[in-house]
Amino acid sequence: MSSTSVQGEQFRPASRVASQKQDVWSIINEAATNSPTQPIINMGQGFFGYNPPKFITDAAKDALDKVDCNQYAPTKGRPRLKKAIAKAYSPLFGRDIDPDTEVVITTGANEGMLSAFMGFIEPGEEVVIFEPFFDQYISNIEMAGGVIRYVPLQPPKNGGSEVSSAGDWTVNMEALEKAINSKTKMIVLNTPHNPVGKIFSKSELQAIGDLCVQRNLIILSDEVYDRLPFTTFTRIATLSPAIAARTLTVGSAGKNFYCTGWRVGYLIGPANLIHYVAAAHTRICFSSVSPLQEAAAVGFEKAEELGFWEQSRKEMKGKVERFCAVFDELGLPYSKPDGGYFVLANFARVKLPEDYKFPPHVAERPRDYKLAWFLIMEMGLAAIPPTEFYTKENMWMAEDWLRFAVCKEDDVLEGAKERLRGLRKYMS
């Protein structure tokens, strides 16, 4: 018996990390690496294809020359960044946000959400999330010992045959109510939504918020794309004092300023909730990267006066329209996003060759994985199969769709469009 097998038996991993299933990111990266069509145009993962604005990068360089910025930041975040966030968001929330007690800085929004789950979810308590979901929600909730209840967003009836709006994906309130029981502790929202691009309407948020008040639930509202709305955007925390009292709002400087690698996130909420998020955050990573917090503070201080928010929104909306023009050209239905930078397109009309050889770990998965693999191998274009964001019971809703991230340079979008035109010979 080899020493490797002995060690494998002796040091069995914890069940929370022991899953052997290959995730979507490794499958797509594997395909991209092995594709005969190089270089790959990667529109899969949602990282930006361009740098942050100069006023942000200059601030980062300046911060590196400051002694205090190169040492541990306070566990709840650098005071300048907390103040800048409080000042930027107070008008949007319709109240004065206390930077000392109602804001916490985290190592990206994802760690902030993990801190919220760790701060409030006991083993066996339940969290309700909507399908499709950002895949990190699942592991984060399970890491805290939570049990997940899923409520699928209802796709538009004609979404597979004609262009539709992301706003047409609707909440089934009856299903949501049935998912809540005596063990339910929290509901997770995501608006603007990844991957759908839906902005929850005010009436939907009011109904969800009222239900949470009635059933005494915490609301964790993931609003990391809040600066990229293409239609009216309502924050659930603004709907009533009772709803605000139970809402934690998640934000991302990385999404706001095109610097996802900086890992600067933040949560805003009532002091009695932020206190326990900060306590969990302290135990997970103690504090977050200090010089980039200082740079993000400058970003929030200057963005409004420089017109950055409006410029960013207009540019991203233009990228969505530029890219989706190819789907209009090909006659492929897609869902027009209300906000964010993801586009879902329907590939039901694309007929994959019957004798095409897929590796076993792709062949056994839903059709969207095969579409994604085929697109990478034959066209050199990477997209994400969205069944990864569904439970097995509801994967059928997404098996003909692919998700594209349009936060790339315009010449990259044009290159992607040209490669998609190569699908014509496979279309019915």
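This is a tutorial dialogue on reading the sheets, salt bridges, cysteines and helix packing of a predicted model.

Reader: What kind of model is this, and how are its residues numbered?

Author: It is a predicted model, in which local features need pLDDT of at least 70 and side-chain atom pairs count only at pLDDT 80 or more, while totals for chains, interfaces and linings use all residues. Residues are numbered from 1 along each chain as its sequence is written, and side-chain values use heavy atoms, with hydrogens and water left out.

Reader: How should I read a sheet, and what is the strand order in the open sheet of 7 strands?

Author: Helices (H or I, at least four residues) and strands (E, at least two) are DSSP runs, numbered from the N terminus, and two strands pair if DSSP finds at least two bridges between them. In this structure the open sheet of 7 strands runs in the order β2-β9-β8-β7-β6-β3-β4, and its pairing is mixed. Because β2 (103–106) and β4 (147–152) each have a single partner strand, they stand at the edges, and one side of each is left without a neighbour in the sheet. From one strand to the next, the twist averages 25 degrees. As an example of pairing within this order, strand β6 (residues 184–190) and strand β7 (residues 218–222) run in the parallel sense over 5 bridges, and L189 has S221 in β7 as its bridge partner.

Reader: Which strands make up the open sheet of 4 strands, and which of them stand at the edges?

Author: That sheet is also open, with the order β5-β10-β11-β13 and mixed pairing. Its edges are β5 and β13 (401–405), each with a single partner strand, so one side of each is left without a neighbour in the sheet. Strand β11 (residues 342–346) pairs with β13 in the antiparallel sense over 5 bridges, and the partner of F342 across a bridge is A405 in β13. Strand β5 (164–165) also helps to place a loop residue, since T170 lies in the loop between β5 and α7 (173–179).

Reader: How is a salt bridge recognised, and how many are there?

Author: A salt bridge is a side-chain nitrogen of Lys or Arg within 4 Å of a carboxyl oxygen of Asp or Glu, and by this rule the count comes to 24. One of them joins the side chains of R80 and E294, at 3.2 Å from N to O. This pair links distant parts of the chain, with R80 in helix α4 (residues 79–93) and E294 in helix α12 (residues 290–302), 214 residues apart. R80 and E294 also belong to a network of salt bridges that includes K66, D68, R78 and E301.

Reader: Are R80 and E294 buried or partly exposed?

Author: Buried means under 20% relative accessible area and exposed over 50%, with partly exposed in between (1.4 Å probe, protein chains only). R80 is partly exposed at 32%, whereas E294 is buried at 8%.

Reader: Which helices are linked by the salt bridge between K319 and D410?

Author: K319 lies in helix α13 (residues 308–330) and D410 in helix α16 (residues 410–420), so far along the chain that they are 91 residues apart. The closest N and O atoms of K319 and D410 are 2.9 Å apart; K319 is buried, with a relative accessible area of 9%, and D410 is partly exposed, with 30%. The side chains of E414 and R322 meet in a salt bridge as well, at 2.8 Å from N to O. E414 lies in helix α16 and R322 in helix α13, so this pair ties together parts that are 92 residues apart in sequence. Both residues are partly exposed, E414 at 29% and R322 at 33%.

Reader: How do α4 and α12 lie against each other?

Author: Axes are lines fitted to C-alpha atoms, for helices over the stretch in contact, and angles run from 0 to 180 degrees between N-to-C directions. The axes of α4 and α12 come within 8 Å and cross at roughly 25 degrees. That makes α4 roughly parallel to α12, where angles under 35 degrees count as roughly parallel, over 145 as roughly antiparallel, 65 to 115 as roughly perpendicular and the rest as oblique.

Reader: How many disulfides are there?

Author: A disulfide is a pair of cysteine sulfur atoms within 2.5 Å, and by this rule the count comes to 0. For C69, the nearest cysteine sulfur is that of C259, 15 Å away. C69 is buried at 0% relative accessibility, and C212 is buried with a relative accessible area of 0%.
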